[in-house]
Amino acid sequence: TMGRIIFYEDRNFQGRHYECSTDCEDLQSYFSRCNSIRVESDYWVLYERPNYMGYQYVLNRGEYPEYQRWLGYNDNIRSCRGYSYMPSRSYRMRVYERSDFGGQMMEFTDDCSSVYDCFHYRDIHSCNVMDGYWIFYEYPNYMGRQYFLRPNEYRGFSDWGIIIIIYMYYIPCSWS
């Protein structure tokens, strides 16, 4: 069973709203802007553009009365995916300094507030998520844009949603 999320056009859960309980690749026909959200169950990844593209926001159960509360850059939410919480016994991911798993590699099994401090490379160009769900963050201390990764091989940074190369710090964050 999928969870449930409710999108509201105005702040503080006001105005036109849309309830969603399945993945949706194009929300444009349901609302023109999104200024508040209620997540009633599960985890949801929201995307700024249709077809699961653009900025991503990972939300868990709770109320978000304005878009700044989910670290939104604007009021555009155009697609979403729901994920049921499935506890994992382990969290494991390898990051690489170059595309196609090239160059230096480091394995993570826990949260890290600054990958640069551990890995000593400013950019990560590929990664392999073996266990658990992870979130990359743009800046240290879990700040900035978010990129949700589930178990999979990501041969290049565009595989997890980055459109252009931006010099970033990435911080994996396991859901536990």
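Start by selecting F7, which stands opposite I37 in β3. Strands here are DSSP runs of E with at least two residues, numbered from the N terminus. You are looking at a predicted model, where local features need pLDDT of at least 70, side-chain atom pairs count only at pLDDT 80 or more, and totals for chains, interfaces and linings use all residues. Residues are numbered from 1 along each chain as its sequence is written, and side-chain values use heavy atoms, leaving out hydrogens and water.

Next, select residues 4-10 and 36-41: these are β1 and β3, antiparallel strands joined by five bridges. Two strands pair if DSSP finds at least two bridges between them. Widen the selection to the open sheet of four strands, ordered β2-β1-β3-β6 with antiparallel pairing. Its edge strands are β2 (14-20) and β6 (62-64), each pairing on one side only.

Now return to F7 and add Y18, Y30 and F31, which ring pairs link into a cluster. Rings of Phe, Tyr and Trp (its six-membered ring) pair if their centres lie within 6.5 Å. The count comes to 14 aromatic pairs.

For charges over rings (NZ of Lys or CZ of Arg within 6 Å of the ring centre and within 35 degrees of the ring normal), show R38 with F13, at 4.0 Å from the ring centre. Then show R81 over Y52, at 3.7 Å.

Last stop: C20 and C80. Why is there no bond from C20? Its sulfur is 3.8 Å from the closest cysteine sulfur, in C80, which is too far; a disulfide needs cysteine sulfur atoms within 2.5 Å. C20 is buried (under 20% relative accessible area, 1.4 Å probe, protein chains only) at 2%, and C80 is buried at 0%.

Technical notes
Phe/Tyr/Trp six-rings, centres within 6.5 Å; stacked < 30°, edge-to-face > 60°. Buried < 20%, exposed > 50% of the residue type's maximum accessible area, 1.4 Å probe, protein only.
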